[in-house]
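Biologist: Please put the structure up, and let us go through it question by question.

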Amino acid sequence: MNPTGSFSRRTALASLAGAALATTAAFPASAAERHGRRAVRFATFNASLNRGTQGALITDLSTPDNAQARNVAETIQRVDPDVLLINEFDYDEQGRAVRLFLRNYLAVGHHGAKPVRFPYHFTGPVNTGVATGLDLDGKNGVVTTPGSDAYGQDAYGYGWFPGQYGMVVLSKFPIDRRAVRTFQRFLWKDMPANVMPPGYYSEEARAILRLSSKSHWDVPVCIGHDTVHFLVSHPTPPTFDGPEDRNGRRNHDEIRLWADYVGGHRRSAYLYDDKGRRGGLRAGARFVIAGDNNADPYDGDSYAHAIRQLLDHPAVRLPQAPPASEGGVEAARLQGGANASHLGDPAYDTSDFGDTAPGNLRVDYVLPSRGLIPGANGVFWPTSGDPLYRLVGNGATVATSDHRLVWQDVRVG
């Protein structure tokens, strides 16, 4: 099956019986089995562990009884990834929330799932909720008080306080922290041929506006004698704007940053990281691009098919078929509405946005590079008849997130 081919919803549902989908009836291989054949599981999960006030996540994670955090932890334990990006995990400078989540939730088994331990992690500051001091949207004057929508609209990335909707990388393999590169402060205007909306931002705003709505991180993971660069980000949703499509255009260029970063010296020479180092990934380096990219290849509101910049990239090695689930197909069928008119195969959906526009979409990705051999993969989306359906929300329990954990095994070396 062509992973970037076009499918109608009707065709996808008719052919589902022959699809090899990840469900709890066919659990992915254990870590020991994977490592025995040098397979490593990379994953991404927008876990919605964000809160409305600064410090609230630390409070929730300080005890082991937060229902949502337990569901997030059990989901991670069921899939048992080796290297994981969590999107929408509020950042704090001391890293307290990460340590509490590791200790109080992941290190504790839930409903028969085995504890999972990540000895290594990386997190850092993000642009969400960081004030610009300017009226970016031209509607409300300069807003300086955190905790409001108006403040969020005028921040470098939408957020009610600094660090909201942050990110964290967890790993069972060592992280080369000295070699980590971050692109939090790269300016949008410095991307050649950018698609910043013409005439929308003031010259003052254009001069300081950062491209990344959260951040872009190159996190080198040391797997034996090999290094795999975990390239992670969380581009802004291409919605919540106006006819200028400022968020759709920003989403496009946030995705383009990684396409240029892995595209060779001539494409990446303009880039500079937060330490001033220029250029992108060296030729031949192996990587995995992961994150909630807020862009579907066929449906939704993305600008100029933004995610195809990665799906069609010559340096990316796609698996035989994208990560899939039976739960996504069932949800699209039961919800109907916007889902019925989609072009993309619902088996590949990774987010549950209901029956209204834009409907359920494929927005979360784990994309390996050439030099890596893709193996098994999946989307953790149990069907309503599965005991683990409670982890994605069945009306009786706390829904974990409106996104699903996506995983991809790769052979390294």
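Biologist: How many of the residues of helix α5 are buried?
Modeller: This is a predicted model. Helix α5 spans residues 96-106 and is mostly covered. The buried residues include A97, V98, L100 and F101. The list also holds L102, N104, Y105 and L106. The count for α5 is 8 of 11.

Biologist: What covers the buried residues of α5?
Modeller: Helices take part, among them α3 (56-61) and α4 (67-79). Strands take part as well. The cover includes β1, β2 (83-89), β3 (120-123) and β4 (167-171).

Biologist: Is D80 buried or exposed?
Modeller: D80 sits in the loop between α4 and β2. Its phi is positive, near 55°, and D80 is not a glycine. The cut-off for buried is under 20% relative accessible area. D80 has 18%, so it counts as buried.

Biologist: And H111, buried or exposed?
Modeller: H111 lies in the loop between α5 and β3. H111 also has a positive phi, about 50°, without being a glycine. Exposed requires over 50% relative accessible area. H111 reaches 61%, so it is exposed.

Biologist: Which peptide bond is cis?
Modeller: Look in the loop between α11 and β9, where P358 is placed. The omega there is about 5°. The cis bond joins A357 and P358.

Biologist: Why does V363 count as buried?
Modeller: V363 is in the loop between α11 (326-335) and β9 (364-368). Leaving out residues up to four places away in sequence, V363 touches G291, D292, N293, N294, A295 and D296, among others. T350, S351 and H403 are also touched by V363. V363 counts as buried because its relative accessibility is 2%.

Biologist: How far apart in space are V363 and N293?
Modeller: In sequence, 70 residues separate V363 and N293. The two are nonetheless in contact. Their C-alpha to C-alpha distance is 5.5 Å.

Biologist: Which residues lie nearest the centre of the largest pocket?
Modeller: The largest pocket holds about 830 Å³ of space. Its lining counts 41 residues. Elements that give two or more residues to that lining are β1 (39-49), α6 (149-153) and α8 (246-261). Nearest the centre are T236, P237, T239, F240 and N294.

Biologist: How many residues of that lining are charged?
Modeller: Split the lining of the largest pocket by residue type. There are 15 nonpolar residues and 15 polar ones. The charged residues number 11.

Biologist: Now the whole protein. What share of the contacts links residues 24 or more positions apart?
Modeller: The protein has 11 helices and 11 strands. Of its 413 residues, 60% are buried. Counting contacts with a separation of 6 or more, the share at 24 or more positions is 76%.

Biologist: What part of the exposed area do carbon and sulfur atoms supply?
Modeller: The protein exposes about 16,400 Å². Carbon and sulfur atoms supply 52% of that area.

Biologist: Where is the pLDDT below 50?
Modeller: The mean pLDDT of the protein is 91, and 89% of its residues reach 70 or more. One stretch falls below 50, although the model gives it 50 contacts beyond near neighbours in sequence. Where pLDDT is low, predicted coordinates should not be read in detail. The stretch is residues 1-26.

Notes:
Residues are numbered from 1 along each chain as its sequence is written. This is a predicted model: local features need pLDDT of at least 70, side-chain atom pairs count only at pLDDT 80 or more; totals for chains, interfaces and linings use all residues. Side-chain values use heavy atoms; hydrogens and water are left out. On a 1 Å grid over the protein atoms alone, a cavity is a set of points where a 1.4 Å probe fits but cannot get out, and a pocket is an open set with protein on both sides within 12 Å along at least five of seven lines; lining residues have an atom within 4 Å of a point. Grid points are joined across faces, edges and corners, and a volume is the space filled by probe spheres set on the points. Helices (H or I, at least four residues) and strands (E, at least two) are DSSP runs, numbered from the N terminus. Ala, Val, Leu, Ile, Met, Phe, Trp, Tyr, Cys and Pro count as nonpolar, Asp, Glu, Lys and Arg as charged, and the others, Gly among them, as polar. Buried means under 20% relative accessible area, exposed over 50%, partly exposed in between (1.4 Å probe, protein chains only). Contact means heavy atoms within 4.5 Å. Accessible areas come from the Shrake-Rupley method with a 1.4 Å probe; for residues, only the protein chains shown count as cover. pLDDT is the predictor's confidence in each residue, from 0 to 100.
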